[in-house]
Amino acid sequence: MGAVDVTRRAFLAGAGTVLASLTVPLAGPAAVTLGEEASATAAAAAPEAGKIVIIGTNDVHGSFKNPVTKLGYAALADFAAAQRQAYGAGNVTLVDSGDIVQGNPAASLTEGEFPAQAVGACGYDVIAPGNHEFDYGIDRLREIAATEGAAYTCCNFTDAKGNCVFEPYHVVEYPTGTETVRIAYVGVTTPTTRGSSATFKNEAGDFIYDFAIDDTGEKLYATVQAAVDDARDAGRADYVVLLAHLGQSWSPQIWQSNTLVANTNGIDAVIDAHTHQMYLQGILNKDGDTVPVVQAGSKFIGFSKLEIDLAARTATASVVATGVMPSIVDSWDGSDAEVAALTAGLDAQIDQMVGEEIGSSEVDLVALAADGSQATWLGETNLGDFIADAILDSADKAGIHCDVALYDGFGICADIPRGAVTRRSALDALACNRKVYALEVSGQHLLDVLEVACAFLPEPDAHLLQVSDGFAYTVRTDIPTPVVVSPATNGFERIDGERRVMSASLNGQVIDPEGRYAIAMQKGMLVTGGWSMPVPDNADDAVLIGTDNECLLNYVQGTLGGMIGEEYGDAGGMGRITIVDHVDSEEGAQTDKADNGVSTQFAVAAGIGVAAIAAGVVAVKTKQK
C-alpha cells in the first residue's frame, strides 16, 4: 500500500523523552526476601522469579489487529502466555485503560459485543472505562463488562449520591516469594466524558452522574488521591498502578495524566490512554518522586509492559510493538491460534453484514503513515482530500451551498486500499459516523478555525483539518501557537500573537477576514466548540448535510460512478496544505520538521505550569495560585 512515509516522531507527541525503557525506584514495601529453598524452587520454575509483569493496552477502538504492526488480540494473548511462562502464571496481569468497544464496524454494528468477546478470550484482569465505553449507554456497558469478564475500576465516575458506579480500585494478589504482594489498580476516566451527553442525565435533563468535574482540576486530584490512600490503607496495597484514560496533548491540561501525577502522591506507575500517543515518561509527583507514565499509541500500534522488581524495588516501563519505532520498543510477532481463530470468525461476520461492493479504486487512499500512526494528524493525505471533497459534493447535491468542507484527521480512521471498495471500507475509514453541518461564518472565524487546527504541528495534531478542492492554506511551524484556551475546558478564548497560518485561499483568492464563507464541518467542531474551536455567534443556524460516511458512500456510488480514479493517486494529497518550518520554504514542497525536540502546546489562559524536560525526567510544575 502507498502509505505516507514520515520521519518525525509520528506518535510521540507531548512532553517526553525517547527511551528504550524507563526504570524508576519504588517507595513500596521492603525488599522481598526469599528463603534458600524457596529461592531455588522459584529460580527453577521461572527465570524471572521475584518480578511482577503488567501488560497494558489502550485505545484499541474495536480493532482485532493492526494492519501495519500486525499486533492484535492474538499476538497479545501469545505475549501474555510467554510472560506467564517466564515470570510465573500468578505474577502476570493484563489490563486496559479504556476505549475498547468503539471505533469501527466490528464495534458499532454489535454495540461492542465482538470486541468484548475478543477481550474475554484474552483473559484480561482489570479494565478502566474510557469515554467511548459509554457510547451505548451505562446499562449496555454493564453487559459488555460481563462479556469481557474483567474487573472494572473507576474512582471518579459517581452517581447522584456520590457513590462510585464501579469499584474505585481493584486489588490483585501476587504469591511471589514467601509473602503475598498486593497491587491496587485505580481507574480514572477523563471528566470530559460527561460533556452534555443525555447518557448521564435523568428525564428532566439534570445530571445524575459526575466525573469529578470542576474548573481547577482539584476535585479530580482529591478524588484520585482518596482512592490511592484507601487502596494502601483499607486495601492493604503494597503498590498502586493508575489506569488512566486521561492522556496529554489535546486533553484539557488540568485533567492530563502528567498534571494529575504532579498533584498527587502514592501512585507507583501510570498506564495512560485517551490521546493515542506513544510515550515513556518519568513524571515528578507531589513529593518529588519519579512516576513512570506509559501510553502505547492506539489500535494495537503497540502495548505497554510494566515490570516490577520486588527485590530491587524498581518499576521498568517499556512499549512492545513490531516493525515501528525501534528506538523505543521491543518487538513481538507470536500469535495465539485460538484467539486468532476467534477474531477471524468475528471479522468474517462483519464482512457478511457490510461486505458488499460499492465501487472500486485505482489508488490507495491513505489514512495511516508507514509506521501505523495517523498520517492525517501530520499533514494532507489523499484520503483526507477525498473525504473533504465527498462532503462538499454531498452538500451540493442536497442544495446546500458551501465554499469549503473541512474534516479533522482524528475522524479518519483507516486506509481505503486500491481494488474493490466495500461498504465496510467506507465505515472503517469514517468509523465514528459523525454528522456534518453547513454554516455561513466570517472569514475571520474561518481563519481562527484553521489556527486552532494547526496548533500542535509539527507534532501529531488530531484536529488538523483536511480541506476540499479549491481551498488551500500554508502553516509555519517555527512560530509558537498563538491559540489561547481555557485550562479547565480547552475551550477557545482568543488568538494572541503572530499567526502560524500564513495564507489561506479559496479558488486562488485570499480569505477576506471581513467576508462571509459557507463552511461544512463535523458538528462538534462547527457549532459546539469541540477540539477547542471557536463557537460562531450564529451556531443555531447550522444546517445538517448528513453523516460523514453517507457522504463518502454517495460520492463513490453517485458522483464518481463507482470508480475512484488516478486524480487521487498521490498519497500526500493534491497540495492543498503546505507545512513549512520557516518563511523562505513556502515556495517549496511540504517541509518536514523532524525530531527537533520541540513540542508545540496550546497557550493556557490561566495558571498551569508547562512540562519541563531534563535528563529524561519530565517535571511538571504545580498549578500557580
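**Note on the predicted model: loops, cores and enclosed spaces**

1. Proline 458 is placed in the loop that runs between helix H11 (443-453) and strand S19 (465-467). The peptide bond leading into this residue, from leucine 457 to proline 458, is cis, with omega near 10°. As this is a predicted model, the cis assignment, like every other value in this note, is computed from the predicted coordinates.

2. Histidine 61 belongs to the loop between S2 and H2, and its phi is near 50°, which is a positive value in a residue other than glycine. Because its relative accessibility is 5%, histidine 61 counts as buried, the cut-off for that class being under 20% relative accessible area. Histidine 61 is also among the residues that line the largest cavity, which is taken up in point 6.

3. Alanine 212 is another residue other than glycine with a positive phi, here near 60°, and it is found in the loop between strand S7 (181-189) and helix H6 (218-233). With a relative accessibility of 4%, alanine 212 therefore counts as buried.

4. The largest nonpolar core has 47 residues, of which Ile55, Tyr73, Leu76, Tyr124 and Phe157 touch the most other members. At least two residues of this core come from each of strand S2 (51-57), H2, strand S3 (92-96), helix H4 (113-122), helix H5 (138-148) and H8, and the largest share, eight residues, is supplied by H2. If residues up to four places away in sequence are left out of the count, isoleucine 55 touches Leu76, Phe79, Ala80, Gln83, Val92, Thr93, Leu94, Val95, Phe303 and Ser304. A second core, separate from this one, consists of 43 residues and includes Ala462, Leu506, Met525 and Leu526.

5. The second largest pocket has a volume of about 980 Å³ and is lined by 48 residues, with Ser63, Phe64, Lys65, Asn66 and Pro67 lying nearest its centre. Two or more residues of the lining are given by each of helix H2 (73-87), helix H8 (337-354) and helix H10 (423-429), and H8 gives the most, with five residues. Divided by class, the lining of this pocket has 20 nonpolar, 19 polar and nine charged residues. H2 and H8 thus appear in the lining of the second largest pocket and also among the elements that supply the largest nonpolar core.

6. The model has five cavities of 30 Å³ or more, and the largest cavity holds about 110 Å³ of space. Its lining is made up of His61, Gln102, Gly103, His132, His276, Lys299, Gln374, Trp377, Phe410, Ile412, Cys413 and Cys432. By class, these lining residues are five nonpolar, six polar and one charged.

7. For helix H13 (residues 548-559), the length can be checked against expectation: its 12 residues, at 1.5 Å a residue, should span 16 Å, and the end C-alpha atoms are 16 Å apart, so the two values agree. The expected span rests on 1.5 Å times one less than the number of residues. Within H13, the buried residues are Asp548, Asn549, Cys551, Leu552, Leu553, Tyr555 and Val556. Glycine 561 follows H13, and its phi is positive, near 60°.

Definitions and conventions:
Residues numbered from 1 in each chain as written. Predicted model: local features only at pLDDT ≥ 70, side-chain atom pairs only at ≥ 80, totals over all residues. Heavy atoms only, no water. 1 Å grid on protein atoms, 1.4 Å probe; cavity = no way out; pocket = protein on both sides within 12 Å on 5 of 7 lines; lining within 4 Å. Points joined across faces, edges and corners; volume = space filled by probe spheres on them. Helix = DSSP H or I, 4+ residues; strand = E, 2+ residues; numbered from the N terminus. Nonpolar A, V, L, I, M, F, W, Y, C, P; charged D, E, K, R; others polar. Core = buried A, V, L, I, M, F, W, Y, C linked by side-chain atoms within 4.5 Å. Buried < 20%, exposed > 50% of the residue type's maximum accessible area, 1.4 Å probe, protein only. Contact = heavy atoms within 4.5 Å.
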